[in-house]
Structure formats: structure tokens, C-alpha cells
Amino acid sequence: MIRVAATGDLHVGPDSASAVGEQLRAVGDKADLLLIAGDLTKSGLTGEASALASQLRGIGVQVVAVLGNHDHHSDHPNEIADLLRDAGVAVLEGEGVRVDTPNGTVGVAGVKGFGGGFAGASGAEFGEPEMKAFIRHTKERSEALESALAELETDVRIALMHYAPIRETLQGEPAEIFPFLGSYLLAEAVDRAGADLAVHGHAHRGTEHGVTPGGVNVRNVAQTVIRQAYAVYAFERPSRDRESASVGSYPISEPTT
Amino acid sequence: MSTDEAQYVAAHVQEALARDHRVNEPELGVTVVKGRVVVSGHVPSEQRREAVTEVVRECCPDLEVDNRTTVARFPEADGVETVR
């Protein structure tokens, strides 16, 4: 079995970094890798990222993350990503990574994603420049996710996002804010490229379990939803041949942004 | 305070909790009931919980603050879900 731990929406500040580190300390005993679905920091400050990076360094498993809206708040997303990469975290935005575990290979394609809503209640690239830019950003990130997913040739393939691809995992949130929580374009990208699991955060009052229209399992792993430090998902080893048994991560495509 | 005014106050408090660097938590719930600002949801630390009270007091000095946020303590993962 390949075991994947996943969490999201840590909102780390100097006041909470050590507590988060304590929560994640034993993840290596329970999983082969750890996914973080965005909002690693409270305010998107480099000091917050440094505090988290010091906690993630040496936890014993490969950490794969995407950034969330909190991580963009202070306009330093690249610096935050670099600080985390220095600690060994694979920070994805329109790219994929392969993690080789003793039980098989895991490919993760990641994007932050964005909003726009869901079929029947979604925005369009129409009208004011601001509205067109809003939807265009979601389209671009969804296309980047599809491309990165399509390149993965691993035993298990996972789509990692901050924003939600389906409305089912938003249940519990006010319906009025669904367009700010995710977009059907992300689910469409996942269904086109194919995946074994799609993971997201962002919706703190949402629901853990859902499925895309194409049948891909979706999990909302915001900590306030899963109500534990992280959830663990296991995959029975698929029939694809394993390429390597070494543990490590290897970038398999370049960022598209 | 009329119902309309209470709604506006709640929306402005929510905006302040999102934007103020001491909190930066747009996900908190805010309602204004009978002169009290009620804030709910989870925060990661006691320091941030105290900051919620500070920000609301600064926004609404004439209203009572009812800070019902809780400091989230998440346990170790319990169990494994097999994905098929």
C-alpha cells in the first residue's frame, strides 16, 4: 500500500509554528509522503514561511505543497515558495513531481487554482476587465493542472489544489460564496487528464468527501474539516510497473508561471 | 441598532478580521445580535484569539464583543482511508 498524508490551511504564524510542527512530527510513521493543500502561512509573510520551513525540515517524508490565497496576501509568493523549497518541500504551481516510495511511485500535479463557481452558477470571461481577468486566471491555472497531470507516469496520480474543484466538498459553506471557493474548471482538468485522487483545502466549513463528474475521488483536507492534523489515504499498488524503489522526489516538468 | 445596520456592522467586522495583520482570518463567522458582536470559528493560537477581540473592539467600541472562537487542537491522524 502507498500511504499519502494530506492536510491544508495551516495558517502558520510565529504563534503557531511549533504547534504545527508537533502535529506533523510523526507523519513519517503513518505515510510515505505529506501533501499540504495551501494556506501554509497566516499572512503570506516570509517570516511565517521560515518558521514553518524550520518545522518541516527533517520530518522524514517528502512534503509536497501548493500555495493558497493566504500565502499570496503580502505579495511574496515566490519568496515563500523558495524558503519552503530550501527546506526540501516540493512547492508546485503548474508542475508535477514524482515521489518514489518503497511501495511504488506517486505523481503529484499541483496548482493553487482559483474561483469562478460551478456549473449552473459560474462566472464567464465577459464584461469588465476585472471580471475577465478573474475567470481567465482560473482557466490558465486549470490548463496548467491538466498539462502537469497528463505528464505524470506513476503508479498513483494525485491532483493537489488549494481551491475546490467540485461543490460537494463545499457543503457546509454558505452557497453564496461558492464562486470564491472553487471552480468546475479544475474538476474538468482533473477528469480530462485522469487522476486517482484530487485534494484541496480552502473551504474550512466544507465536507471531506466528494467525487468529480468523471468519477475521481475528491478530498477536502482543510484541518477544520478533517478535524485532525492530517488525513491518511492508502492506495493499493496498481498494475503499472514500478520504476524505482528509492525514496526521493524528482521534478518532472517546469513551472508554467 | 436596526437589522440593516447590524448586517453592515457584521460585514465590516468580517472585512477587518480578514485584513488586519494581527488576525488575517477571513473565514471567521460574524453576526451582530442585540448590540453584541459574536465571532465564531477556529484560530490556531491563543494569541490570535486575543487579537480577534482586539480587532473587533477597535471596530466597534460601543458594542459588546462575544468572542466564541476556539483554539484548534488537532490530534494525530486516526485511521487510514483506502481510496479505490
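1. Ile166(A), in this predicted model, is in contact with Ala187(A), Gly210(A), Thr212(A) and Val218(A), once its neighbours within four places in sequence are left aside. The residue sits in the loop between strand 9 (156-161) and helix 7 (184-193) of chain A. Although Ile166(A) belongs to a loop, the residue is buried, because 23 other C-beta atoms lie within 10 Å and the cut-off for a buried residue is 20 or more.

2. Asp39(A) can be read alongside Ile166(A), since the two residues are 127 residues apart along the chain and their C-alpha atoms are separated by 19 Å. Asp39(A) lies in the loop between strand 2 (33-37) and helix 3 (46-56) of chain A, and its phi is near 55°, a positive value in a residue other than glycine. Is Asp39(A) buried or exposed? With 28 C-beta neighbours inside 10 Å, Asp39(A) counts as buried.

3. Asp75(A) also deserves a look, for this residue has a positive phi of about 65° although it is not a glycine. Its place is in the loop between helix 4 (69-72) and helix 5 (77-86) of chain A. Asp75(A) has 8 other C-beta atoms within 10 Å and is therefore exposed, whereas Asp39(A) is buried.

4. The next point concerns a sheet to which both chains contribute strands, with the order 4(A)-3(A)-2(A)-1(A)-13(A)-6(B). This is an open sheet of six strands, and its pairing is mixed. Which strands stand at the edges? They are strand 4 (90-91) of chain A and strand 6 (81-82) of chain B, each of which has a single partner strand, so that one side of each is left without a neighbour in the sheet.

5. At the chain A edge, strand 3 (residues 62-66) of chain A pairs with strand 4 of chain A in the parallel sense, over two bridges, and within this pairing Val64(A) has Ala90(A) as its bridge partner. At the other edge, strand 13 (residues 231-235) of chain A and strand 6 of chain B likewise pair in the parallel sense over two bridges, with Ala234(A) standing opposite Thr82(B).

6. How many residues does each chain give to the contact between chain A and chain B? Chain B gives 18 residues and chain A gives 28 residues. On the side of chain B that touches chain A, the elements that supply two or more residues are helix 2 (46-59) and strand 6. Sorted by class, that side of chain B holds seven nonpolar, six polar and five charged residues.

7. Chain B itself has two helices and six strands, and from the N terminus on its elements run α-β-β-β-α-β-β-β. The radius of gyration of chain B is 16 Å, well over the 12 Å that the globule rule gives for 84 residues, so this chain is more spread out than a compact globule. Taken along the principal axes, the box that the C-alpha atoms of chain B fill is roughly 55 × 30 × 20 Å.

8. Two further values complete the description of chain B. Of its 84 residues, 26% are buried. Among the contacts in chain B with a separation of 6 or more, 55% are made by residues 24 or more positions apart.

Conventions:
Residues numbered from 1 in each chain as written. Chains lettered and ligands numbered in written order. Predicted model: local features only at pLDDT ≥ 70, side-chain atom pairs only at ≥ 80, totals over all residues. Helix = DSSP H or I, 4+ residues; strand = E, 2+ residues; numbered from the N terminus. Rg over C-alpha atoms; globule rule 2.2 N^0.38 Å. Buried ≥ 20, exposed ≤ 12 C-beta atoms within 10 Å, placed from the backbone. Contact = placed C-beta atoms within 7 Å. Pairing = 2+ DSSP bridges. Nonpolar A, V, L, I, M, F, W, Y, C, P; charged D, E, K, R; others polar.
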